[in-house]
Amino acid sequence: MKVDRLEEMLRTIDVEARATAFLTGRSSFAPRVMEAFEQVPRTAFVPPELIDYAYENRPLPIGRGQTISQPYIVALMTDLLEPRSNQTVLEVGTGSGYQAAILAQLVQHVYSLEIIPLLAVEAAALLARLGYSNISVKTGNGHIGWPEHAPYDGIIITAAATNLSPALLDQLKPGGRLVVPLGRPHMTQDLMLIEKDIGGKLHSRKILDVAFVPMMDEDHDSSITHG
Ligand code: SAH
């Protein structure tokens, strides 16, 4: 039953990928990206009372006003990063930890920042329980980034940003890719793919309209590390 629902989610992601190909330029996602979705149980990342909806292609509330993103959007953003097994990626907005887990199947190490301390603690504990040893979660502000482990091959921002800080952009490797919903919160944003060429110059391209919870500005205590 659970497996059927997961297979149904994968089919839905495929169908949506084809339907949006005229906007995204990709009619299917890389096989290894789809395999990651097969391996990560989304059921573990949603609140127990919503477990029946875990494999539906929609965002779900995870508490404290935050959401776990829609599977198709997670797949699209992951595919846009073009992750490779020798790479390190920075995620801004750990939330439930689901996107981090997907990425951890695909790259060497995932560093993930979450501004709400309790969400960071819970996600780190869950990811450890599921056996992930290549994800580090820290309470911190994505606008500052995580300079200690920079530069990153990829940066993925899973909250709506009105701007990108120079500090964060500095943490992207030349040749690296950054995916971000850019625009005002509480409306639709532009999902942008930003590529840094080897000369350090940025090239950006709009992919799709999306709707994300806002990226917050306040720096909560950024000194706690988990995992
Ligand atoms: N990637 C998540 C979904 C993220 S929802 C998942 O797979 O479940 C967006 C998350 O970004 C929320 O948890 C929110 O608290 C966090 N966030 C918002 N502003 C932030 C900031 N400035 N720095 C780090 N995290 C932030």
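Which strand gives the most residues to the shell around the ligand? β2 does, with 3 residues.

## Basis of the model

This is a predicted model, in which local features need pLDDT of at least 70, side-chain atom pairs count only at pLDDT 80 or more, and totals for chains, interfaces and linings use all residues. Residues are numbered from 1 along each chain as its sequence is written, and side-chain values use heavy atoms, with hydrogens and water left out.

## Ligand shell

The ligand is surrounded by 27 residues, where a residue counts as near if one of its heavy atoms lies within 4 Å. G93, S96, E114, G142 and M216 come nearest. By class, the shell has 12 nonpolar, 13 polar and 2 charged residues (Ala, Val, Leu, Ile, Met, Phe, Trp, Tyr, Cys and Pro are nonpolar; Asp, Glu, Lys and Arg are charged; the others, Gly among them, are polar).

At least two shell residues come from each of β2 (66-68), β3 (88-92), α5 (98-104) and β4 (109-114). These elements are DSSP runs numbered from the N terminus, with helices (H or I) of at least four residues and strands (E) of at least two.

## Contacts and enclosure

Three polar contacts of the ligand are described here, each being a pair of N or O atoms within 3.5 Å. In the side chain of E91, an N or O atom is 3.0 Å from a nitrogen atom of the ligand. Polar backbone atoms supply the others: one of Q99 lies 3.1 Å from a ligand oxygen atom, and one of I115 lies 3.2 Å from a ligand nitrogen atom.

On its own the ligand has 580 Å² of accessible area, and the protein covers 100% of this (Shrake-Rupley method, 1.4 Å probe). The ligand sits in the largest cavity. A cavity is a set of points, on a 1 Å grid over the protein atoms alone, where a 1.4 Å probe fits but cannot get out; a molecule sits in it if more than half of its atoms lie within 2 Å of its grid points.

## Aromatic pairs

The whole structure has 5 aromatic pairs, defined by ring centres within 6.5 Å. One of them is F29 with Y72, whose centres are 6.2 Å apart and whose planes meet at 25°, so the pair is stacked (planes under 30 degrees apart). F29 is in the loop between α2 (21-24) and α3 (31-39), and Y72 is in helix α4 (residues 71-81), so the pair ties together parts 43 residues apart in sequence.

## Backbone features

The peptide bond from A150 to P151 is cis, with omega near 5°. P151 belongs to the loop between β5 (135-139) and β6 (152-157).

R64, a residue other than glycine, has a positive phi near 50°. R64 lies in the loop between β1 (60-63) and β2.

Conventions: Polar contact = N/O pair within 3.5 Å; in protein donor to acceptor, adjacent residues only side chain to side chain. 1 Å grid on protein atoms, 1.4 Å probe; cavity = no way out; pocket = protein on both sides within 12 Å on 5 of 7 lines; lining within 4 Å. Phe/Tyr/Trp six-rings, centres within 6.5 Å; stacked < 30°, edge-to-face > 60°.
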